[in-house]
Amino acid sequence: MASNARLDHRNPLVFDTHELGRRPGALQRLTRMIDAPADLGIQGVIGVPEGAPVELELRLESVMEGVLVTGTARAQAEGECVRCLEPVGLELEADFQELFSYPDADDRGRVIAEPGDDAEDDEDRFFLEDGLFDLEPLLRDAVVLALPMQPVCQEDCPGLCSECGARLADDPDHHHDAVDIRWAALQGLAGSMKDGEKDEMSGAEAEAGVDEKQEK
């Protein structure tokens, strides 16, 4: 993946390979603790909070084409259960490996006069820049792949009640009496009839009271 922006060695996700050298087979192991960059994870679902500690363990190996970077990132991810919306936390461990190519070498390690001529090939490759490489794009991809697309607080989380939104895990016996919609209209009609009968009875009782007064 070619990039026009120059790398800043002060960036904690930028690494220097000058000590490693270009002798094939040379190895270097690095451990670094960094603050998580913004939006590290699956946006709106789960991820590592910005500024949270991320532990990086890297193995740099010099090869003919460039530097092979193998590593693991560990952090605490936070999100929300997709079923009951309760907070979810999990230990994240993301593995990654990528070759950062020398800008003056082709895919076989041969020196080329004008690097970057083949734009299509460059789009799929990561390059070293003045001996530096940026781990952030690789880290982001690895974290997304390591995180669950639909996090849950527990595997058998029953979710929320579709009627009232209550969390079913808190009340396993929670339920609502189901009413058959085919009988709902009849129940309403029966209620109306009962109300009508009450009105008729009230009217009859009132008339009877008037008659009794007239007789007296």
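How many bridges join strand 7 to strand 8, and do the two run parallel or antiparallel? In this predicted model, 2 bridges connect strand 7 with strand 8, the latter spanning residues 126–127, and the two strands run parallel. Within this pairing, S101 stands opposite F127 of strand 8.

Strand 7 also pairs with strand 6. Strand 6 covers residues 66–80 and strand 7 covers residues 87–101; the two are antiparallel and are joined by 15 bridges. One of the paired positions is V69, whose bridge partner in strand 7 is E98. Strand 7 thus takes part in an antiparallel pairing with strand 6 and in a parallel pairing with strand 8. In a regular strand, side chains alternate between the two faces of the sheet.

Strand 6 and strand 7 form a hairpin with 6 residues between the strands. L85 is found in this loop. The phi angle of L85 is near 70 degrees, a positive value in a residue other than glycine. L85 has a relative accessibility of 48% and therefore counts as partly exposed, the exposed class being reserved for values over 50%.

A positive phi also occurs at D39, where the angle is near 60 degrees and the residue is again not glycine. D39 lies in the loop that links strand 2 (27–35) to strand 3 (40–42). With a relative accessible area of 56%, D39 is exposed.

The cysteines were examined for disulfides. A disulfide is a covalent bond between the sulfur atoms of two cysteines. The cut-off applied to a pair of cysteine sulfur atoms is 2.5 Å, and the resulting count is 0 disulfides. For C84, the closest cysteine sulfur is that of C153, at 3.7 Å, and no bond is assigned because this distance is too far. Correspondingly, C153 is in no disulfide, its nearest cysteine sulfur being that of C84.

The two cysteines fall into separate accessibility classes. C84 has a relative accessible area of 4% and is therefore buried, the limit for that class being under 20%. C153 has a relative accessible area of 31% and is therefore partly exposed.

Technical notes: Residues are numbered from 1 along each chain as its sequence is written. This is a predicted model: local features need pLDDT of at least 70, side-chain atom pairs count only at pLDDT 80 or more; totals for chains, interfaces and linings use all residues. Side-chain values use heavy atoms; hydrogens and water are left out. Two strands pair if DSSP finds at least two bridges between them. Helices (H or I, at least four residues) and strands (E, at least two) are DSSP runs, numbered from the N terminus. Buried means under 20% relative accessible area, exposed over 50%, partly exposed in between (1.4 Å probe, protein chains only).
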